[in-house]
Amino acid sequence: MSTMNLGGIALAVAVGALAGFTAEAKTLRWSSPTDLTTLDPYAHTESFTTSMLHHVFDPLVRHGRNLELEPALAVSWKTVRPDTWRFELRKNVKFHNGNPFTADDVVASITRILDPGSRARGDLVAVDRAEKVDDFTVDIVTKGPYPLLLNDLSGIYIMDKEWMEANGALKPGDVSRGVSTAASTSAVGTGPFKVESFKPEAGTVFVVNPNWWDKPQHNLDRIEFKPIKSDATRVAALLSGELDLIAPAPLQDLQRIGNSSGFKVIEEPSLRLIMLSLSSRPELKTAPGQKNPMLDLRVRQAMWHAIDFEALKKRVMRDKSRNTGTLVAPQVPGFAKDNDQLFGYDQDKAKKLLAEAGYPNGFKTKLNCPNDRYINDEQTCVAIASMWTKIGVQTELQTESRATYFPRRDRGEFDNSMVGWANMPSMDGFATLSSLLAEQKDGYGGSNAGAYSNPKIEELTRKAAVELDEEKRRSMLVDALKEARDTVAYIPVHQQPVAWAMRDGVEIPQFPDEYVRLWFTNIK
Amino acid sequence: MKTLTASPGLITRIGAPISVMVAGVVALVMVACALLASRIAPYDPTDLASFDLINAELPPAFSADGDPRFLLGTDNQGRDLLSAMLYGARVSIAIGGGAVLVAATIGVFLGLLAGYYGGKVDAVIMRVADVILSFPTILLALLVSGIARAVLPGAATAEWAPVILICAIAIHEWVQYARTVRAATMVETAKEYVRAGKVIGLPSRRIMLRHILPNVMSPVLVISTINLAAAVLTEATLSFLGVGMPPTYPSLGTLIRIGNEFVFSGIWWIALFPALALVILVVAVNLVGDWLRDRFNPKLRVKR
Amino acid sequence: MSTLQPPVLAIDDLRVEYPLADGSVFTAVERASLVIHTGEIHALVGESGAGKTTIGNAVMGLLEKPGRIASGTIHIGGKPLDPNKGSAEGVVLGRDVGAVFQDPMTSLNPLFTVESQLTETMRAHLKLDRAAARARALQLLKDVGIPEPQRRLKAYPHQLSGGQRQRVVIASALSCDPKLVVADEPTTALDVSVQAQILRLLRDLADQRGIGILLVTHNMGVVAQIADRVTIMHRGMVVETGPTAEVLRHPRAPYAKALIGAVPRIDARLERFPVIGEEGKGRAAEARAVLRSKAERTGAIADGGPILSVENLQVEYTTRGVLPGSKGHRFRAVDGVSFSVNSGEVFGLVGESGCGKTTIANVVSGLLKPTAGRVTYRGHTIAGEGMVRCVGPLRQAIQMIFQDPYSSLNSRMRIGTILAEPILFYRLASSKAEAAADVARMIEAVGLEADAAQRFPHAFSGGQRQRLSIARALGARPKLIVCDEPTSSLDVSVQAQILNLLKDLRDATGLTLLLISHDLAVVRQMCDRVAVMRNGKLVEEASAETLFSTPQHPYTRELLSLVPTLDRIRGEAQAA
Amino acid sequence: MLKVFLSRLGQAILVMLVVSAVSFVMFRFVGDPVASMSRESATIEEKTELRRSLGLDQPVVVQYGHFLARTLSGDLGISYRNQRPVTQLIAERLPATLELVIVATLLSLALGIPLGVLCALKPNGVAARGVQALSLIGISTPTFVTGIVLILVFAVSLGWLPSFGRGQVIDLGWWSTGFLTASGMTSLLLPGITLALYQLTLIMRLVRAEMIDVLSSDYIRFAKARGLPARYIHFRLALRNALMPVITVTGLQIGSLIAFAIVTETVFQWPGMGLLFIQAVSFADIPVMAAYLLFVGLMFVIINTVVDILYAVVDPRLRARSA
């Protein structure tokens, strides 16, 4: 026993010495409420983990400082056939373990993500296979003409084939067969940082990769990431000087943090749009046997007019959100200023519309919301339920954890429900069409919980899916979104803000996709 | 003045120290206020149409920029905090009281059976109790409400959530009653008045309910007081973990959970007042419970 | 010699008060004086509440708060006790004053060994080292007559029998050679045979070591057996004091006379016990007459024939094993007992604790199922092999009264409700009003006022409760009443009244009584026939006269010889 | 001793069966991991396929059978969320929670027993009344409120103690300990106090009640009558008797400390099993939840066995019976 303790103390001294040594280095300590779930880029579908792993891995194409697509591990590309894209790869790139980056790595990575056991397979659903042309040229074959390949590839990180072979990770882990791989706990990529240690919930440490192929635009030597689930604790840790950055910062605390000396807050609207889906089914679950009042467009319009978005923005979102009239954010292809027109808040008009539709005394319905998914989701829903009730739509509100909320929403148990949509990772408005607006068939309509159905949108969706002419494609998206607005398919609530808080001396650019890109970060 | 002169007599009659008397009065007043919430609260916070987001986060009336309409200010939804607290206390007390009632009923019943019959009946009941005890209250309550929410789609609604919370808390608490009543019943069963009843030939049910039950009730009362306090706290903790009352029908615990998000934002009243109310209520009930326990436990009473 | 030395204990004009919560003062002891010399056993006797234990506690400085010595002095070994500190200058409790308490089961700490508890006192007071203390502890255990003292040193209290524990307690009291030992009811919790040994030990200690012993007891027999001097107390006052033989033979104070007279005699049977003022005679006879007429109408009045017969009865208890199916330890509480009781007689069952007599009472009254053998009531089997199906009416015929009057009445129910319960249950009354009238009659029959029905049990004294308990048993109109130690927790004067009541009721209504008792004198006074039990077996059965005059079985003889009684002193008085 | 073990074994099996039955119910009801496991724009077909590959489309009984068979062979499965063996995840978090619970238990015993004795010996003293009042507030304040108040005072305002995490930990084999570094120890303080507070008051009150009880017993009266010094009577004799029930309660409480750690760990971002469980619940990570439940059940059985044995060691009456 005593020898063990002595060993421990010796170790403690050693670690202490090490800590003293690295104290000179530029270290960024930051926190977010969620943690990396895994280091295996193909074993998850969470955008936070994807954003973290971007520090370790590079994709073939990436989003630049203005979210434009730019070359990363691929230097150029062209379509050789409608369904085949040819990529020229970057030379003299080395993985963290010293292995050179070649076409074999790309083929192995694409093959790995297309494996039936891969969790992230859906992120590259249009791709059929990758073929090596020569050491630095790769062909990617899609299942048909597919306009969004580059967008999809921006989220596909390239792993080292030799390392995967050596660690038995050539195939991804498979939960159903009880297989896990070394890739879950160690990551070897080509990215700007290397993983030094990965302790779920306790913290992940990254150190700078001195041999990164790109010119660093940051001055960090070390990143200490420590997830803190509790909002209050996270803010406390920032204020007590234990952290340099928290992302996101709770909206209600921004003012206080901003007013504290030595701290600052930055914010901008994110890509994520919060909206309410309304039931388009023949009957409401709350009133079986009766016609669904919301099939009447005037009722839908009334429910839109009933919501005081200005108050929501001011009180619930602390003036940090952006109110919107359309279903996609301005940065996303498919956005059109003409569509982005608010329905004015007008309770009298709402009541009048209801009366015209034959519901002068309103009706009863339900609103379902998650309480741990979006920024102030529960609070938003309480306010909306209150506003609807005031025009006579007596709304019973039910909020619950995402773990039960989303499965129930998928099963179509809700009449009206809240959903947030960021069009990630493709960052293209087509996802809104295919998942939210299209009917549930042929692989479309995965999140169309209100059973919205519109022949015009069906047609536009199917056309846009294969349209390679970007201009034409975008106008189809715009048309479809206009139709959605005109028919009140969803009620857009607001564009969520990205709000970060940090100590003075941290300079970091913000991105609407909520990614924390620390390779653009400088600290003093 | 009249009450002042009357109180010493009352105190000596009940024999409670002044602190306990004060606690008792505080607890009674709080319970009364909570029960009469719909009468005395300035607003009805459960009526979604009654509050306005525009009024959100107004400070208490007595502070510099307070609004006289809202004595303790408003919460983040624009609800009058005082009304929300009164209604919240009602919900908390109803859940706590309900849990105590359910737990006591089950526990007393099973405890009587186990203590009276002994043998296999006793063994089975006590084994079940042991297993229940092996799960800490919070965990068990978390599981029960989690499962209930999934089984009953409406479980998180204002009508069902209290029932589920009551069951979730009671499922652990009955064990304590059962154990206490069992022990007391064993003592009583050995006493001669019970043997006398048996010699007369009275049926067991009659002996248990008419003879033994009244004699084992005093510890049940004591446990109930202390458990009421504990149940209110458990409900608050469950609210904190996200399985409490819905936000449209908040309990004190839910209010604290919501207020907890605002501790750094300068909106101190949202967190402070509900927490204060909860702590005062629980302290008062506990104080009375402690005194009752010391009083009913002959061993703790200083012998004459 | 002894006059030169100061007395080991001198109490003069002591007054002990307890201030009560409402501001009044309860005086527990008043004007009490007594003196104990070296080697003297001084008995302090009285009924419960007499203040005798309070004096013992005052001497030891263990008065329970808020009790205090209000006036008077206590000198221990000539040194005055400071009433504020509760101790005397130069007198160390434990070293100079030893204590022996009533219940050896609870006086020893269950978590420590005998050695630890014996030596801690010596090490604290005599500053002995561990080895010396141990040697002395060993010697003490030998002195108090514990077999295998070496082994017992390492034992824990629960591994010793009751008598051994009390010996350890005495050894502990003696460990520092005190001059004075306060023994508070040292043998009350013990069986007669063990009691005799402990009393002998105390006497020896006084004689051989010259220890003065203050013996607090309620038992006149014990006093007669070993005390040199006796002080009789009543309601906090000393009523009489003097040499034991003198006081017991010729008590002067009326209370002392009554008290001594109430002690049941074992040498001769009396028709009635002399009591201190008979309670409520007025309407009792009338009520009893009604009872008798009812009994005659139902045609079941004593005819002298056998009413109850116990045949080859056997009862086993099984202590449960841990695993299902594993056999637990078996204990045979009653082993092949047979006897029969005739209608109208009082049948006594005597023996020491654990001999199985209460088990038999439980079987007869239907509380327990026998393992083998059977019990018949007027030819109907009511327990055991061949038990008749419908025992209800037969149950009604056999009722029971219990030992502890404080627990035998449900304290949450009114007397009227308790007493009406059997009447209503057996439908002996057609209406509640009739039942209430019946209840009133029962209450009067046991010598209380009928308005007792309105009150709760706590309003009554122990003796009154026992009367009510009897009234309840009468309510079912039984033919046979099983009396399980009906008077053993009562004071002697009350005991006399209850026993008289039972006799009267028997005479008035022709009841048959099965009397279970450990007290040979009570049995002698009450019973027509007696059976003696030992270790679950019947050792002797005879008419009371025969048994007490010419006991046949050696065990019976032994029991009779061990009982501490007044008879010796009385006998000497008659001879003189 | 054997009897104690056998009866405990029976109880263990019972507990574990109940736990697995609870897990069984959970399979069906506590949310569906598929939604959390698939990307935002996943199609219904994708989700159905994932559900099928996880075996969630099979009848519940079949799923339960698989689970039971795997669990019996010692394999707790792979976390849906982290895609790592659950045993590994639990082992990683175990030291954090156990060290927290140990610190909380030690704190509550070290403070609760002396305070309880104080209150029992001088029940009407100023100190005892003060302690009693504080203890009432202690058991009347929700843990999460205490936690956040402590953070506000000691981390934010005073800056004395860290507000979250374990600080520097040192790996001893697979066990990572915070006991060997200064930052590890200081990090333990706030969460340790928060977690200990409730148990501290419980133990204090229990010791007080038991002590008062014991002090009025015959054997303590007898000890007084033997003139033993008051300190000796109080601390060597009475305290030992009074501590007997404390053993049981402490044992039982360790179980609920582990559960209460869920709240404390959430507030202090303590990387232990409670946090793991809460994360698993919000992800519907069934294997992790089931493993956590099994583990808590197992801990209970172990602790109770230890308590029983301890009891038998301390109480000679039981020692004799079980021998």
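Select chain C to begin: this chain has 21 helices and 21 strands, where helices (H or I, at least four residues) and strands (E, at least two) are DSSP runs numbered from the N terminus. The radius of gyration of chain C is 26 Å, close to the 25 Å that the globule rule gives for 576 residues, so chain C is as compact as a globular protein of that length; the radius is taken over C-alpha atoms, and the rule is 2.2 Å times the number of residues to the power 0.38.

This is a predicted model, in which local features need pLDDT of at least 70 and side-chain atom pairs count only at pLDDT 80 or more, while totals for chains, interfaces and linings use all residues. Residues are numbered from 1 along each chain as its sequence is written, and chains are lettered from A and ligands numbered from 1 in the order in which they are written.

**Still on chain C**

Turn chain C around and its C-alpha trace spans about 75 × 60 × 55 Å along the principal axes. Buried residues make up 50% of the 576 residues in this chain, a residue being buried if 20 or more other C-beta atoms lie within 10 Å of its own, exposed if 12 or fewer, and partly exposed in between, with C-beta atoms placed from the backbone. Of the contacts in chain C with a separation of 6 or more, 68% are accounted for by residues 24 or more positions apart; two residues are in contact if their C-beta atoms, placed from the backbone, lie within 7 Å.

Next, colour domain 1 (105–175) and domain 2 (287–317 + 329–562) of chain C separately, with bounds that come from an automatic or database domain assignment. The C-alpha centres of these two domains of chain C lie 43 Å apart.

Colouring by pLDDT, the predictor's confidence in each residue from 0 to 100, gives chain C a mean of 83, and 91% of its residues reach 70 or more. Residues 321–327 of chain C deserve a separate selection, since pLDDT stays under 50 over them.

**The nonpolar core**

Now show all chains and select Leu214(C), Leu514(C) and Tyr292(D), the residues with the most contacts inside the largest nonpolar core, which has 516 residues. Such a core is a set of buried Ala, Val, Leu, Ile, Met, Phe, Trp, Tyr and Cys residues joined through C-beta atoms within 7 Å. Helix H4 (residues 81–117) of chain B contributes the largest share of this core, 20 residues. Around Tyr292(D), leaving aside its neighbours within four places in sequence, you will find Met273(D), Leu276(D), Phe277(D) and Ala280(D) in contact with this residue.

**Two covered helices**

Move to helix H8 (residues 192–200) of chain B, which is mostly covered, with nine of its nine residues buried. What covers the buried residues of H8(B) includes helix H7 (160–189) and helix H9 (204–240) of chain B, together with strand S17 (398–401), helix H14 (415–425) and helix H16 (462–475) of chain C. Just after H8(B) comes Gly201(B), whose phi is positive, near 100 degrees.

In chain A, select helix H8 (residues 297–305): seven of its nine residues are buried, so this helix is largely enclosed by the rest of the structure. The buried residues of H8(A) include Arg300(A), Trp304(A) and His305(A), and their cover includes helix H10 (347–356), helix H11 (377–391), strand S14 (393–400) and strand S16 (490–503) of chain A.

**Where the chains meet**

Which chains have the most contacts among the five pairs that touch? They are chains A and D, and that contact takes 53 residues from chain A and 55 residues from chain D. The residues on the side of chain A that touches chain D divide into 21 nonpolar, 21 polar and 11 charged, where Ala, Val, Leu, Ile, Met, Phe, Trp, Tyr, Cys and Pro count as nonpolar, Asp, Glu, Lys and Arg as charged, and the others, Gly among them, as polar.

Chain A also meets chain B, in a contact that takes 31 residues from chain A and 24 residues from chain B. H11(A) gives the most to the side of chain A that touches chain B, with eight residues. Chain A and chain C, by contrast, do not touch, and their nearest C-alpha atoms are 32 Å apart.
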